[in-house]
Amino acid sequence: MDHVKRRMAKGALATVAALLMTGSAMAEQRVLTYNADYDAIPLAAMEALIADFEAANPDIDVQLTNFDHEAYKNAIRNFLTADPPDLANWYAANRMRPFVEAGLFADISDVWAENGLMESLASSVPSSTIDGKQYAIPYTYYQWGIYYNRDAYKAAGVEPPAADATVDWATFLANCEKFKAAGIDCVTTGSVAKWPVAGIFDYLSLRTNGYQFHADLAAGKVSWTSPETRAVFAEFAKLQPFVTENHAAIDWQDAAAIFSQGKAAHYVMGNFAVGVFKQGGMTNDSLGFMVFPEITPGIARAEEAPTDTVHLTSGAKNPEDAKKFLAYMASAEAQSKWNAAVGQLPTNKNATVDAADPFLSEGFAALSTATGGIAQFWDRDADAEYASIGMDGFQQFLVQPEQLEAILERLEQARLRLFPQ
């Protein structure tokens, strides 16, 4: 198993405190074990947080075992059953459900209640909750939404969105007609890997029927031939004529080049792509961000923001100190520091982000005010096989919308096979 055991060094305060302790007092130091799967930069950021926590709690020794990503996916179920640490990293919503239902992740509703997290982590309540109880501390996410090219707007004679203004769906589609008339793709994507199209579908689903419908659809609880699901594809059909025609033959970086060159006006994508857009020549002056338009009036706005979480295991040997660390990870201070180091967004709405980065600032505002919930992206919200079959359908519909009935029937048969009724 490829992993590195890292015993964290104490901060200066903890070192002084340790020197002042007697031998017997030092023997009373409590160990807190934590399994995670961080890459180099996030790992260094977590080491810094742990050092801060240990400095403030010199009687606690946090021992972090860091795994390679793929090794962690394979190892987690084994170590949760055979030799559970006190804390373990994972993901929110449906990705954590199997471990909750297997009794491997513990209920931490008391941590949420005692630390006011229902308010400070409000946007993440639905994705941290199963059957009315909280099982996760979300500490980082990144936004999806619509990035737009101001130069493409200027070339087509279309007024760009005003600052802090939302664009309604009818206006967005009317603008698509104007971009098409100017020879500019209204929306670009590259679907060789299929997942970029899932981002478009997810938003259409969230905006048409809301968070709970979308979560239930991903969990196999909703029929693909239901009126509600058909309503999502009806909106998808309105957008289909305005998407880059050869999307199925290109990858997302190819589409990023089309977007950066002003050959497309919009790109439904995650914030990780901003660096690629800028490598393609865009600047903060030419690149804009907006939330996906409202479709069904009155539905609470939900957003797509894959969320990383930390959990108390049911077999924790030191649950008391584990809960203390979870409360710390939920704090605005800890989340501000960790996310600043890795360039992502804190889930605590009282945290801070780099004001000089407009995309982090706008994304933070969009997610912190999303009262409808935070979806995790189709291939996190759905089981692996179901997710793959769904993405095949989304891509085919974007290429062959006339095949809707056959696509829905295939998806429904897959649902009935994977989720026997």
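This passage describes a four-stranded sheet, the helices packed on it, and a separate pair of helices in a predicted model.

The sheet is open and has four strands. Their order is β9-β10-β8-β11. The pairing is mixed. In general, strands of a sheet pair through backbone hydrogen bonds, and the sense may be parallel or antiparallel. Two strands form the edges: β9, residues 185-188, and β11, residues 287-290. Each edge strand pairs on one side only. On average, neighbouring strands of the sheet are turned by 25° against each other, with direction ignored.

Strand β8 spans residues 144-149. In the strand order, β8 stands between β10 and β11. With β11, β8 pairs in the antiparallel sense over four bridges. Within this pairing, Y147 has F289 of β11 as its bridge partner. With β10, β8 also pairs in the antiparallel sense, here over five bridges. There, G145 stands opposite M269 of β10. Strand β8 is mostly covered. Six of its six residues are buried.

Two helices are placed against this sheet. Helix α10, residues 169-181, lies across β8, β9, β10 and β11. Its direction runs at about 115° to β9. Strand β10 covers residues 264-270. Helix α14, residues 252-260, packs on the sheet. Helix α14 touches β8, β9, β10 and β11. The direction of α14 makes about 140° with that of β10.

The helix pair comes next. Helix α3 comprises residues 40-56, and helix α17 comprises residues 332-342. The two helices pack at an angle of about 155°. Their axes are 8 Å apart. Angles over 145° count as roughly antiparallel, so α3 is roughly antiparallel to α17. The crossing of α3 past α17 is right-handed.

Residues from both helices make the contact. On α3, the contributors are I41, P42, A45, M46, A48, L49 and D52. On α17, they are A334, K337, W338, A341 and V342. By class, the contact holds 10 nonpolar residues and two charged ones. It has no polar residues. The charged class includes Asp and Lys, and the contact list contains D52 of α3 and K337 of α17.

Definitions and conventions
Residues numbered from 1 in each chain as written. Predicted model: local features only at pLDDT ≥ 70, side-chain atom pairs only at ≥ 80, totals over all residues. Heavy atoms only, no water. Axes fitted to C-alpha atoms, helices over the stretch in contact; angles between N-to-C directions. Parallel < 35°, antiparallel > 145°, perpendicular 65-115°, else oblique. Left-handed = near helix turned anticlockwise from the far one by under 90°. Contact = heavy atoms within 4.5 Å. Pairing = 2+ DSSP bridges. Buried < 20%, exposed > 50% of the residue type's maximum accessible area, 1.4 Å probe, protein only.
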